[in-house]
Amino acid sequence: MDQMTLVRDRSDALYAPVSRLMTREDWEQNFANDIRAILRLKRERNAVILAHNYQTPEIFHCISDIRGDSLALAREAQRAEEQVIVMAGVHFMAETAKLMNPEKTVLIPDSMAGCSLAESITAENVRALKATYPGVPVVTYVNSSVAVKAETDICCTSGNARKIVESLGVPRVIMIPDEFLAQNIQNETGIEMLTWPGHCEVHERFTPLEIRQYRRMHPGVVVLAHPECPPEVVAEADYAGSTAGMMEFVATRQPKKVLLVTECSMSDNLAALNPAVEFVRPCNLCPHMKRITLSSIRRALENMEEEVTIPDELFPQARRAVERMLAI
Ligand code: SF4
């Protein structure tokens with residue numbers, strides 16, 4: 001095979017996963033250079049790229065090695081063999097990766113990639129809650145800072161929250177910081193939740209009226225909602241679950257038409273994998289996730305920045321809360 005054919009074949013293989021989402025011209029003009037550079041840098045730096053399901057398709061499909069929801073990324077971060085981990089996700093995810101890999105270099109391409117849930121609560125707030133409800137276990141959603149995790153008995157994700165809460169065997173828990181996730185889990189389990197008024201700025205915007213309108217416009221559409229949505233929205237859905245749960249639902253059931261009530265890159269990423277499914281696309285973007293771009297990932301690998309560190313005094317307690325979750 002001559003050199004030109006080899007280069008073209010490699011390029012075709014890189015473009016193939018997103019070919020249903022953009023033209024070849026668009027891909028070549030806007031993405032291909034960065035993608036090729038990132039793939040080269042990954043080899044040179046001995047790096048692995050973890051991408052959350054809300055990353056844009058060119059990141060999710062073309063350069064990432066491990067993809068998934070917060071739970072999958074936390075698990076896989078623990079197993080990564082490469083010396084450098086690049087988190088294509090938000091800051092708390094990079095902190096979790098560092099907690100599980102203290103000896104490795106963890107990079108976040110943009111340290112301003114935060115999260116409205118993580119920023120809604122401080123360690124001091126958690127200490128005050130524990131003082132108000134002594135003896136009540138604290139379950140903390142992974143969408144939280146390492147300082148908050150360090151005040152926590154056990155972490156959870158949207159994918160395992162029910163299992164974690166039930167595993168405690170108690171009639172009530174303090175569940176922070178996502179009020180809606182806690183209310184949805186209370187509705188599922190009957191276990192009393194002492195909540196904190198933190199919300200995801202993407203999921204809190206959905207309304208029951210909006211879902212009913214989509215159903216009227218798209219008869220037969222199957223509605224999948226993320227449990228960070230308000231309970232009244234979850235009540236309108238056919239299924240509620242984490243992004244990993246939604247992916248599995250679509251992959252195994254192949255609904256003719258589906259509405260994902262979550263961040264809008266999910267639909268793009270799933271559309272590339274499920275050509276027979278039509279996606280109705282409400283578009284609520286997470287501005288924090290969208291701070292991560294091909295060029296910021298390329299820059300992170302070129303300059304080996306921005307490195308995530310964890311204060312020594314927070315490390316053991318925070319790691320214990322994540323490890324307890326991963327053990328269940
Ligand atoms: S989608 Fe919501 S929960 Fe996820 S990072 Fe963005 S603000 Fe945080």
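Two strands pair if DSSP finds at least two bridges between them. Hi everyone, keep that in mind while we look at this structure, which is a predicted model.

Let's start with the sheet. Four strands make up an open sheet, in the order β10-β9-β11-β12, and the pairing is parallel. Which strands sit at the edges? Those are β10, residues 239-240, and β12, residues 278-280, and each of them pairs on one side only. Now follow strand β11, which covers residues 257-261: three bridges join β11 to β12, and the two run parallel. If you would like one contact to find on your screen, take L259, whose bridge partner in β12 is V280.

Next, the ligand. Which residues are around the ligand? Reading along the chain, we have V90, C115, S116, L117 and N143, then C200, E201 and V202, and finally E263, C286, H288 and M289. How does this shell divide by residue kind? Seven of its residues are nonpolar, three are polar and two are charged.

Now for the backbone, where there are some details to look up. A cis peptide bond links I176 to P177, with omega at about -10°. You will find P177 in the loop that runs between β7 (172-176) and α10 (179-189). Another cis peptide bond joins E305 and E306, and here omega is about 0°. E306 belongs to the loop between α15 (294-303) and α16 (315-327).

Stay in that loop for a moment, please. M304 also has its place between α15 and α16, and its phi is near 55°, a positive value in a residue other than glycine. Is M304 buried or exposed? It falls in between: M304 counts as partly exposed because it has 15 C-beta neighbours inside 10 Å.

There is a residue to set beside M304, and that is N46. N46 is not a glycine, yet its phi is positive, at about 55°. Where does N46 lie? Look in the loop between α3 (32-45) and β1 (47-52). As for its surroundings, 12 other C-beta atoms lie within 10 Å of N46, so this residue is exposed. The cut-off matters here, since a residue is called exposed if that number is 12 or fewer.

So, as you turn the model on your screen, here are some places to stop: the strand pair β11 and β12, the shell around the ligand, the cis bond between I176 and P177, and N46 with its positive phi. Thanks for listening, everyone!

Key. Residues numbered from 1 in each chain as written. Predicted model: local features only at pLDDT ≥ 70, side-chain atom pairs only at ≥ 80, totals over all residues. Near = placed C-beta within 6 Å. Nonpolar A, V, L, I, M, F, W, Y, C, P; charged D, E, K, R; others polar. Buried ≥ 20, exposed ≤ 12 C-beta atoms within 10 Å, placed from the backbone.
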